[in-house]
Structures are given as structure tokens and as C-alpha cells.
Amino acid sequence: MTACAIEPPSTNGADGKAGTVCALTADGAYAARLALDGDCWFPERWTLDGPEPYAVPLPGNQPEEPGTEVQPLADGRVLIHRLIERRHAFSLLYPTGPGTGELPLGAVECPEPGSRLTLLPPAPGGTQAYALAVGPRSSTVWLVAGGAFGPERLAEVPGQCAGGVWLDRAGRMLALDREQDGPVKTVVVDLARAEVSPLLQITAESDDRLLLADPDSGLLLISSDAPSPGQERLGWGVLGSTLPVRFPESLRVPDCPVTPFAIQPGQMLMPESCAVALRVDGPFGSWVGIWRPDGRRVSHLPAPEGWLAGAGRWTRDGVLRLPYATQETPCGVAELTAPRGETAAASGIAAARGDAGPGDPVRDGTAAGAPEASRQPTEPDPPEPVVARPVPLQQAPLGRLVTN
């Protein structure tokens, strides 16, 4: 058992916990982050669905620790997660005229050495929030906001889990990457039934992780070392499909980590047409890549100055909205349109190449250091690795729930 116990709501405010730079609701209407005023950190809520984005500061009675986690809810309130020794305290913050209101929700205690608890990605609907507590032998999913009586233990998963990807619009099916006496494999937790079932196994020996999923189209973005043992590769598959996961060569950028962070919604039955936003990290900063499964190239685009790197949402019409903050614009949203075809756009990797300015086109849409062979515009993808397919989802208790 994960040694985490519920404590009743408390008004004690304290500090601590490693968190994300910026969190967005599933529909992209609100964002939350920690902002800096001098040497003091405070929560800030961004409203993004109006004519102009604007930020509302939500400072408490004392500064927050720099790693405190915050997450926006659909009603505009912001969940805050503070670590006080081994107690994980949760509260809802909201503006009250010139001040900040705070509604304590209770705390979860994790006294076992090595235990940790972090917020899971914002759930569909935005009315509830969840956390994952990881202990030495098992992991527990907690409902920490939106319940009736404070934090509620929902499901326990044997092994140590990480990640967290929502597979349905109801916020019931949660995918977690689990390590249990062997390689990492993705499992699905049915939060209504507290049931755990396998989702992804490419080979018996490979580490297989689910990074993103789109409930509308079923598109999955996957990380695995199956095609290149000891080296993680990005691949894609389709929820419920019996076809193998594919690992396009175009998703490899030499010497630069590539992380998918958003999939275009609303593309029913057309997973190959979904635009996928990628964060690419080079030695001189981060930029944005846009890729589609039915294309053979990644279009590299410069990120807006002050981009809250890794944060962004697609609209159904194929517009990528990226939140950013600069001294001149403390709350802004840049919009990029997903390009079609093989032509790459201007790229933020110019600095990494050292021979192009921020407005210059990327040569053939490839990244710095790419071998000449990979720059041929007509290069086909490499042969698909001979691997076992993912577990067909009709064998797990989520097929009908996800596709309804």
C-alpha cells in the first residue's frame, strides 16, 4: 500500500513541491502558473477564451515556494498544491476584489521515505483535479478537488507509476506508465471501477510510454526503445487499432529532445490528419515543431518570445495557441497555423545552426546537425520495425467508453 493518509481540511498555508511552468485546462480557456514579483513567487490565473488574454494575480498571505504546483479549473478557480514536510495540502484560490480567497480542501500525508505526490494533468471537463502518489511498492490515484469530502483515494496500482494521459472525455480512463519488476509499460486505470488493465506493450523487453492521446481521433503519441534498444524513439498509433506502432524518421531531431505537447482535437475518425505540436529543445533554446502522421516532415517554427515552453492548445480549426509572457506583454497568446504539405516554415533552430537569422527558413525543414541523407525532401520513412502490436483495446475494459 502507498502510505498516504487523508487529513481533514486545514487553513494552514505552507510551501513546497516541484511543479510545471504553466498548466492549461483541457479546453484551453484558463491557464495557471507561478509568477515572480521581485524575489516572491505567487500564483497567477490567465483567462484565454476572451477577446484579449488577461492575468489575475492570486497572492496568498506569504510567498510560495518556487516549485509549488498550480492547476486551473473550468470555473476559473486555481488549485494549489503545497508540500509541508510530508503533508500535501490542497486549496482552491479565487479573486475576491483586491484580495485572494482560499478554500482549504484537506491534505494527503505520505510519510513513507521516498514517497512523492504530484498533480496529474488537467482532467477533461475541468471540474475535478487528480494527483498521483507514488510509494516504494505501489501508486495511488487521488481525487483532490471536486469531491464531496476532501481528498479521496480512487485506485491503487501495483508498481511505481508516472506520466498520466486521459483517454476519454468523461475523465474516467487514465493511462499511467508503470514500472513493476521489469520494463516500463503503459496501463489503463478505470477510475470508476478501480480496475487496472494493460494498454501498451510493443515488445516484452522495451520501455513503452504513452505521451499524448486524443479522444476524438484516437491518435496516440508513444515513446519506446523497441526500434532502437537503449534509445528512446517517438512513435504513433491509434487507440483500439490492431496495427503496429510506427516510428517515423521525421520525428528524430539529432541532438535535440523532442516532446509532443498538444494534438489537434475534433478530427473524428481521421487520426492521420491530426496536427501534433512538438517542443524541440536545442542548445540555444526551444522552438515549435508541427507534424502530422500523414506527412513525412516536421515543420519547424520559431516560438514566440517568452513562450511558457511546452504549454499550448490546438483549436479544432488547426490554430495552435501558445501562451507567453514578456516584460512588455506579461500575458499574451501567440497563434500559429498548422502548415500543410512538405514545406517547412521558419525555425527557431537557426541559432543552433549558427548560419540563419530568426526569420530565415530552415534548410529543408531539418534541424541542426542533421546528416545530409536526412535532408532529402523525398526520403521515405525507414522500414517499420518488426514488433508486436500494442494490446488491442477491445481486450481491455475501455474500448466502448473511449469511442462513444
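This report covers side-chain pairs, a surface patch and unusual backbone angles in one protein model.

The model is predicted, so local features need pLDDT of at least 70 and side-chain atom pairs count only at pLDDT 80 or more, while totals for chains, interfaces and linings use all residues. Residues are numbered from 1 along each chain as its sequence is written, and side-chain values use heavy atoms, with hydrogens and water left out.

## Salt bridges

A salt bridge is a side-chain nitrogen of Lys or Arg within 4 Å of a carboxyl oxygen of Asp or Glu. The count here is 14 salt bridges. Three of them appear in the table.

| Acidic partner | Basic partner | Closest N to O |
|---|---|---|
| Glutamate 44 | Arginine 33 | 3.1 Å |
| Glutamate 64 | Arginine 82 | 2.9 Å |
| Aspartate 216 | Arginine 316 | 4.0 Å |

Where do these partners sit? Strands are DSSP runs of E with at least two residues, numbered from the N terminus.

Take the pair of arginine 33 and glutamate 44. Arginine 33 lies in strand 3 (residues 30-37) and glutamate 44 in strand 4 (residues 40-47), so the pair ties together parts 11 residues apart in sequence. Next comes burial. Buried means under 20% relative accessible area, exposed means over 50%, and partly exposed is in between (1.4 Å probe, protein chains only). Arginine 33 is buried at 15%. Glutamate 44 is buried too, at 10%.

Now take glutamate 64 and arginine 82. Glutamate 64 lies in the loop between strand 5 (54-57) and strand 6 (69-72). Arginine 82 belongs to strand 7 (residues 78-84). The two partners are 18 residues apart in sequence. Both glutamate 64 and arginine 82 are buried.

The third pair is aspartate 216 with arginine 316. Both partners lie in loops. Aspartate 216 is between strand 18 (208-213) and strand 19 (219-224), and arginine 316 is between strand 25 and strand 26 (319-324). This salt bridge ties together parts that are 100 residues apart in sequence. Is each partner buried or exposed? Aspartate 216 is buried, with a relative accessible area of 14%. Arginine 316 is exposed, at 51%.

Some salt bridges share partners. In this way Glu64, Arg82 and Glu102 are joined into one network.

## Aromatic pairs

Rings of Phe, Tyr and Trp (its six-membered ring) pair if their centres lie within 6.5 Å; planes under 30 degrees apart count as stacked, over 60 as edge-to-face and the rest as tilted. How many such pairs does the structure hold? There are 2 aromatic pairs.

One joins tyrosine 130 and tryptophan 166. Their ring centres are 5.1 Å apart and their planes meet at 55°, so the pair is tilted. Tyrosine 130 is in strand 11 (residues 129-134) and tryptophan 166 in strand 14 (residues 160-166), 36 residues apart. Both tyrosine 130 and tryptophan 166 are buried.

The other joins phenylalanine 261 and tryptophan 307. Here the centres are 5.6 Å apart and the planes at 50°, so this pair is tilted as well. Phenylalanine 261 lies in strand 21 (residues 258-263). Tryptophan 307 lies in the loop between strand 24 (299-301) and strand 25 (313-314). The pair ties together parts 46 residues apart in sequence. Phenylalanine 261 is buried at 10% relative accessibility. Tryptophan 307 is buried, also with a value of 10%.

## Cysteines

A disulfide is a covalent bond between the sulfur atoms of two cysteines. The rule used here asks for a pair of cysteine sulfur atoms within 2.5 Å. By this rule there are 0 disulfides. Cysteine 256 is buried at 10% relative accessible area. Cysteine 274 is buried at 0%.

## A buried arginine

Arginine 233 is found in strand 20 (residues 233-238). Its relative accessibility is 8%, so arginine 233 counts as buried. A polar atom of its side chain lies 3.1 Å from the backbone oxygen of phenylalanine 247.

## Positive phi angles

Most residues other than glycine have a negative phi. Aspartate 181 has a positive phi, near 55°. Aspartate 181 sits in the loop between strand 15 (173-179) and strand 16 (184-190). At 83% relative accessibility, aspartate 181 is exposed.

Alanine 194 also has a positive phi, about 55°. Alanine 194 is in the loop between strand 16 and strand 17 (195-200). Alanine 194 is partly exposed, at 40%.

Methods:
Helix = DSSP H or I, 4+ residues; strand = E, 2+ residues; numbered from the N terminus. Polar contact = N/O pair within 3.5 Å; in protein donor to acceptor, adjacent residues only side chain to side chain.
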